[in-house]
Amino acid sequence: MKRFIPFKKYLPFVESDPVVAVLRLQGTISNSSRGLDDISLAPLIEKAFRGKPVAVALEINSPGGSPVQSSLIAARIRRLAEEKEIPVFAFVEDVAASGGYWLASAADEIYADRGSMLGSIGVISAGFGLSDLIGRYGVERRVHTAGKSKSLLDPFQPQKPQDVERLKVWLEQLHTYFIDHIKSRRGDKLAQDQDLFTGDVWIGEKAVEVGLADGIGHLVPVLKDRFGAKVRFRRLSQRRSIFQRFGAQAVHDAIGGIEERTAFGRFGL
């Protein structure tokens, strides 16, 4: 039996129902195939802006991750939005924190659930110190470098105050970059009487109050209200090949899954 195709498909002068492309951004942001990264998302982002959608919607549920990958992904979304003159809407689910909020700020408008967590505009570096552990078992660490900074923050050596100071300088630089980006995107919407860049998070209506979001609302009702009841949603999501699901990649993904749960766990999720 042949599938029925609406007659208006062949009549370019007959107006079609508006379409919104929906791109899901779920998980941590990293430069690996496990998380969200610019290389793997590029084809999906490009596809989202094809076919003249009336808008692109971002479904965001991310605790953050790599600042560079966050910047690259957000910049790609902004470039296409401006080139094609297509508005972008972000809808936050459980969390859009740190790099996750960086992605949300790529949108022209940000909406959240009453229980969504937004913000965490800060930078973190975490690790372990193992020098006492290897010493206890008689393990000798041998490191030879050319350049006095090549063994900076080696976890198998005692922490050096000068290394910590250097790390703090790097983190401050990244934090300034993050703040500049959020101010450029949210502008006068941000509350001027509060410091929103301490790494703290705001929930739902409070996030709206301080200007981190534009309203409380969910994707379908908000966009139906904006573009009419007949609006259609074209959903796009990442797919992994069969080779990525088994073997060494499966082990890599299992480890990545633990890291992702840890990242979400910071927000009680």
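A residue counts as buried here when its relative accessible area is under 20%. By that yardstick, 41% of the 269 residues of this protein are buried in the predicted model. The surface left open comes to about 16,200 Å², with carbon and sulfur atoms supplying 54% of that area. As for the fold, there are 8 helices and 8 strands to work with. Contacts reach well along the chain: taking those between residues at least 6 apart in sequence, 72% link residues at least 24 apart.

Strand 2, running over residues 55–62, is a handy place to look at burial up close. This strand is mostly covered, with 8 of its 8 residues buried. Its side chains split into two sets: Ala55, Ala57, Glu59 and Asn61 point one way, while Val56, Leu58, Ile60 and Ser62 point the other way. Both sets are buried, so the cover extends to Glu59 and Asn61 as well as to Leu58 and Ile60, given that buried means under 20% relative accessible area.

Next come the neighbours of strand 2. Strand 1 (residues 19–26) pairs with strand 2 in the parallel sense, over 7 bridges. Within this pairing, valine 22 has alanine 57 of strand 2 as its bridge partner. Strand 3 (residues 88–97) also pairs with strand 2 in the parallel sense, here over 6 bridges. Glutamate 59 finds its bridge partner in strand 3, namely phenylalanine 91. To get from strand 2 to strand 3, the chain passes through helix 2 (residues 67–84), making a right-handed β-α-β crossover.

Key. Residues numbered from 1 in each chain as written. Predicted model: local features only at pLDDT ≥ 70, side-chain atom pairs only at ≥ 80, totals over all residues. Heavy atoms only, no water. Buried < 20%, exposed > 50% of the residue type's maximum accessible area, 1.4 Å probe, protein only. Helix = DSSP H or I, 4+ residues; strand = E, 2+ residues; numbered from the N terminus. Pairing = 2+ DSSP bridges. Right-handed = clockwise from strand over helix to strand, strands pointing away. Contact = heavy atoms within 4.5 Å. Areas by Shrake-Rupley, 256 points an atom, 1.4 Å probe, with all protein chains shown as cover.
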